[in-house]
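Visitor: I'd like a close look at one proline and the bond in front of it, and after that a walk through whatever else stands out.

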Amino acid sequence: MARHLRVREPDSGEVLDDGLALWFPAPRSVTGEDVAELHLHGSRAVLSAVMAVLRRRGLRLAEPGEFTRRAFLNGKLDLTQAEAVADLAAAETEAQRRQALRQLDGALGELYRGWGERLLRLLAHLEAAIDFPDEDLPAEIEARVAAETADLAGEIERHLADGHRGERLRDGIAVAIVGPPNAGKSSLLNQLARREAAITSPIAGTTRDVIEVAIDLAGYPVVLADTAGLRDSADIIEQEGLRRALARAESAELRLFVFDASRPQDAAGAVQWPGPDTILLANKIDLARDRGDVPEGALAVSALTGAGIPFLVATLAARIGETYDVAAPLLTRARHREALEIAADALRRSLAAGLPELRAEDLRLAWRSLGHITGRVDVEDLLDVIFADFCLGK
Ligand code: GDP
């Protein structure tokens, strides 16, 4: 229900603001409780005047996340959706927004709940076989439980082996800029970041540490790392820079190997990172008289003039899209990963255990751990499945 209203100071009758009130009766509100929204002119003066009146009536400001917390407690959202609200509020790029929205839609929670339900069924069947041995239960139950446990463990393990894509999409996809000194790495970083984030200078070995810049690359969150030039040096600080550069290049998802186009022999330095995740960049193409020297497979760019940079951005975005634009919901948090690992381990242990009682105990652990992800673990569920599937109690 929406009403146009004048907000008044109750004692003096003075009008404080002119606005709109929305009334959402429980349970059809965002938190599941009765919710009233006042739409006011958001100036500091209006807010403090209205808040002063509301406070006198015993109302207070919400704690951070309190509405989402209440929505969770009232069963409006599961925990993965509550986390998605936080992610959506913090999303800086299109890809992050899409991922958070998909999680808010419940896709991730549904996946985990689906596994939890299957597990619960297995557990219930096994429990039934243990608790009611005299009943007329199909003999192959235990074998079927084992086969389905193995299936489930496999599915969870495949979901875990996702290269941390969901988590990386939240935190930023690591792209390292590597190459010999003076090849133009810092200039490239600046060109991509479109601001002066790294110091460029004609003196070799300027970038001694790793410099990171978070950018929005065609909708993807990318953390660019400019690294020390790859060259042998007696300088101890430079050696440390080199060590860090190599470590960073190693752990990055993609590498931009930059070399001076007039020194095509330098491209050989990229051999230590073979494969499609290393993009070769022949830089300073503005100085080249003809492009005949550019090695095959290298992109010709100029970090100085910006030539070839749009094509590089498109190439990078396409490469990232291949990995990240997937339909299946991705695991987005270390918290989920940990719970899934516990669940997968328990399932494997259950398969190896001899006694059905021990197998059931591990299934229960796995189920509990899955339940922690969405925040819904209820022993009643177990009883329901047992008594629904078998007419044991008459
Ligand atoms: P880094 O050591 O690899 O980080 O190289 P820098 O980015 O510091 O660049 C070294 C020198 O090359 C600087 O003087 C840059 O201005 C210059 N430079 C970088 N890219 C280009 C380019 O595309 N064209 C030209 N002409 N000069 C460039």
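Visitor: Where does Pro27 lie?

Guide: Pro27 sits in the loop between β2 (15-24) and β3; strands here are DSSP E runs of at least two residues and helices are H or I runs of at least four, both numbered from the N terminus. Before going on, note that this is a predicted model, where local features need pLDDT of at least 70, side-chain atom pairs count only at pLDDT 80 or more, and totals for chains, interfaces and linings use all residues. Residues are numbered from 1 along each chain as its sequence is written, and side-chain values use heavy atoms, with hydrogens and water left out.

Back to that loop: the peptide bond joining Ala26 and Pro27 is cis, with omega at about 0°. Another backbone oddity is His164, which has a positive phi of about 60° without being a glycine. You'll find His164 in the loop between α6 (141-160) and α7 (165-171). For context, most residues other than glycine have a negative phi, and most peptide bonds are trans.

Follow the chain past Pro27 and you reach β3 (35-39), which supplies at least two residues to the lining of the largest pocket, as do β1 (2-8), α1 (44-56) and α2 (66-73). A pocket is an open set of points on a 1 Å grid over the protein atoms alone, with protein on both sides within 12 Å along at least five of seven lines, and its lining residues have an atom within 4 Å of a point. This one holds about 990 Å³, counted as the space filled by probe spheres set on the points. Its lining runs to 29 residues, with Ala36, Leu54, Leu59, Arg60 and Phe67 nearest the centre. Helix α1 gives the most, 5 residues. By class the lining has 17 nonpolar, 3 polar and 9 charged residues; Asp, Glu, Lys and Arg count as charged, Ala, Val, Leu, Ile, Met, Phe, Trp, Tyr, Cys and Pro as nonpolar, and the others, Gly among them, as polar.

Now the ligand. It is surrounded by 18 residues, the closest being Asn182, Lys185, Ser186, Ser187 and Asp286; to qualify, a residue needs a heavy atom within 4 Å. That shell divides into 7 nonpolar, 8 polar and 3 charged, and helix α8 (residues 185-193) contributes the largest share, 3 residues. As for polar contacts (N or O pairs within 3.5 Å), a side-chain N or O atom of Asp286 is 2.7 Å from a ligand nitrogen. The side chain of Ser302 has an N or O atom 3.0 Å from a ligand oxygen, while a backbone N or O atom of Ala183 lies 3.2 Å from a ligand oxygen. Taken alone, the ligand exposes 580 Å², and the protein buries 87% of that (Shrake-Rupley, 1.4 Å probe).

Last stop: salt bridges, meaning a Lys or Arg side-chain nitrogen within 4 Å of a carboxyl oxygen of Asp or Glu. The whole structure has 26 of them. In one, Arg335 pairs with Glu83, with the closest N and O atoms 2.6 Å apart. Arg335 belongs to helix α11 (residues 334-352) and Glu83 to helix α3 (residues 79-90), so the pair ties together parts 252 residues apart in sequence.

Terms used. 1 Å grid on protein atoms, 1.4 Å probe; cavity = no way out; pocket = protein on both sides within 12 Å on 5 of 7 lines; lining within 4 Å. Polar contact = N/O pair within 3.5 Å; in protein donor to acceptor, adjacent residues only side chain to side chain.
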